[in-house]
Amino acid sequence: MDGYVSRPQEEPFTGDAGPVKPGRFGPPSDAWYPVARERAVRRRLRVPLLGQELTLVRNPAGGVAVEQTDWRVETRLGLVWVRRAAARPEAVPTLIGDNAGTARFPMIACSEIEVETDYDQAVLGLVDPAHVPMVHTAWWWRSSDKRRVKTKHYAPSPFGFTATAADQFASAPAYELVGSDRKITIEFRLPSTRIERVEGGRFRLLNVTTVTPTTPGRVVLRNVIYSSVRPLRWLHPALSALGRAFLEQDARILRRLDADASTRQPQLFVGAPDQPSAWYFQCKLALARATGAGFVNPVRPSVLRWRT
Ligand SMILES: [Fe+2]
């Protein structure tokens, strides 16, 4: 990979994840990453990915293609996703489908922000529940400063894991609009996709957040939201601004972190809130080691509890 090199390892202790091996740090090179919103590709659009500049074009049939022949392109959820053509199929995390009927639902928000940071630190922001009360402090997200105990069930899912809330009351105030019978699941899938699904009665919402490695030391955080409530699409500009504010809260912290520290210092995972972060790195190792038999998911069904 241009500009992406294996960094020296210092034999840190990493708990039950075992000693650090190559493949643990940095973006997996053989994976799908979103690079642009589909409608942003009018005729030609240049996009950076993994240190390379790619050119997206509209083909005569109206679809999106990539000019560089050693890359593959797919459109899903209104986004253009790209991966290397030479990737071993068994080691490529499956791309999120247009599932949950979302193809029928309008996109109600879309936002993106570029950040100078370490790739893994940015992805940890998708899985780490402990940062939420410290970083995401908007009134519509947290109604009070009071900490509460949160319990979540975790289970392995394709190329990652899925959390289901066991205590609905702990949800953000914004979810009160959905009703008390709501079901919320949050899936994490390698390389860097967080998929939140909210269902309540006939209400459906899909909230997808991704991290795309553009050039060494830079990523794009991207968020798209779909909903079954069609009138919400008229709020697209306002909801996109809220999504961007949410991403900006993460970005502000990422800019203040030492970008290389996560690879130079020993990793330390403490207690239940850090378990998803440990799983993230274990999943990356499992992906790097995937053979013809495919990805062996290291995640075991678990109940995690923490104060948030
Ligand atoms: Fe966050």
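**Exercise 1. Take the pair formed by T162 and its opposite residue in β10, and work out how β10 is placed among its partner strands.**

Solution. T162 stands opposite E187, a residue of β10, and this is a reading from a predicted model. The first step is to widen the view from that pair to the strands, where β9 and β10 are joined by five bridges in the antiparallel sense. The next step is to turn to β11, which runs antiparallel to β10 and is joined to it by seven bridges; within this pairing, I184 has V198 of β11 as its bridge partner. Between β10 and β11 there are three residues, and the two strands form a hairpin. The last step concerns burial, for which the cut-off is a relative accessible area under 20%. Six of the seven residues of β10 are buried, so the strand is largely enclosed by the rest of the structure.

**Exercise 2. Find the order of the strands in the open sheet of eight strands, and explain why β7 and β14 each have one side without a neighbour in the sheet.**

Solution. Begin with the order, which is β7-β13-β12-β11-β10-β9-β8-β14, with antiparallel pairing. Because β7 (107-116) and β14 (302-307) stand at the edges and each has a single partner strand, one side of each is left without a neighbour in the sheet. From one strand to the next, the twist averages 20°. As a check on the β7 edge, look at the bridges: nine of them join β7 to β13 (residues 218-227), and the two strands run antiparallel. One position to locate in the structure is I113, whose bridge partner in β13 is L221.

**Exercise 3. Determine which strands helix α1 lies across, and which strands helix α5 touches.**

Solution. Start with α1 (residues 119-127), which lies across β9 (160-165), β10 (183-189), β11 (193-200), β12 (203-213) and β13, and runs at about 165° to β12. Then take α5 (residues 271-288), which packs on the sheet and touches β8 (149-157), β9, β10 and β14, while its direction makes about 130° with that of β14.

**Exercise 4. Describe the aromatic pair of F188 and Y280, and then compare its geometry with that of F269 and F281.**

Solution. A search of the whole structure finds nine aromatic pairs. In the pair of F188 and Y280 the ring centres are 5.7 Å apart and the planes make 85°, which means that the pair is edge-to-face, since planes over 60 degrees apart are classed in that way. The two residues are 92 residues apart in the chain, with F188 in strand β10 and Y280 in helix α5. F188 is buried at 2% relative accessibility, and Y280 is buried as well, at 0%.

The pair of F269 and F281 is tilted, with 6.1 Å from centre to centre and 40° between the planes. Here F269 belongs to the loop between α4 (261-264) and α5, whereas F281 lies in helix α5, twelve residues apart. F269 is partly exposed, with a relative accessible area of 26%, but F281 counts as buried at 2%. To finish, place these residues in the cluster that ring pairs build from F25, Y154, F161, F188, F269, W279, Y280 and F281.

**Exercise 5. Decide whether H236 is buried or exposed, and list the residues that it touches.**

Solution. H236 belongs to helix α3 (residues 236-256). Its relative accessible area is 17%, so H236 is buried. Leaving aside residues up to four places away in sequence, H236 touches R37, M107, I108, A109 and C110.

Terms used: Residues are numbered from 1 along each chain as its sequence is written. This is a predicted model: local features need pLDDT of at least 70, side-chain atom pairs count only at pLDDT 80 or more; totals for chains, interfaces and linings use all residues. Side-chain values use heavy atoms; hydrogens and water are left out. Two strands pair if DSSP finds at least two bridges between them. Helices (H or I, at least four residues) and strands (E, at least two) are DSSP runs, numbered from the N terminus. Axes are lines fitted to C-alpha atoms, for helices over the stretch in contact, and angles run from 0 to 180 degrees between N-to-C directions. Contact means heavy atoms within 4.5 Å. Buried means under 20% relative accessible area, exposed over 50%, partly exposed in between (1.4 Å probe, protein chains only). Rings of Phe, Tyr and Trp (its six-membered ring) pair if their centres lie within 6.5 Å; planes under 30 degrees apart count as stacked, over 60 as edge-to-face and the rest as tilted.
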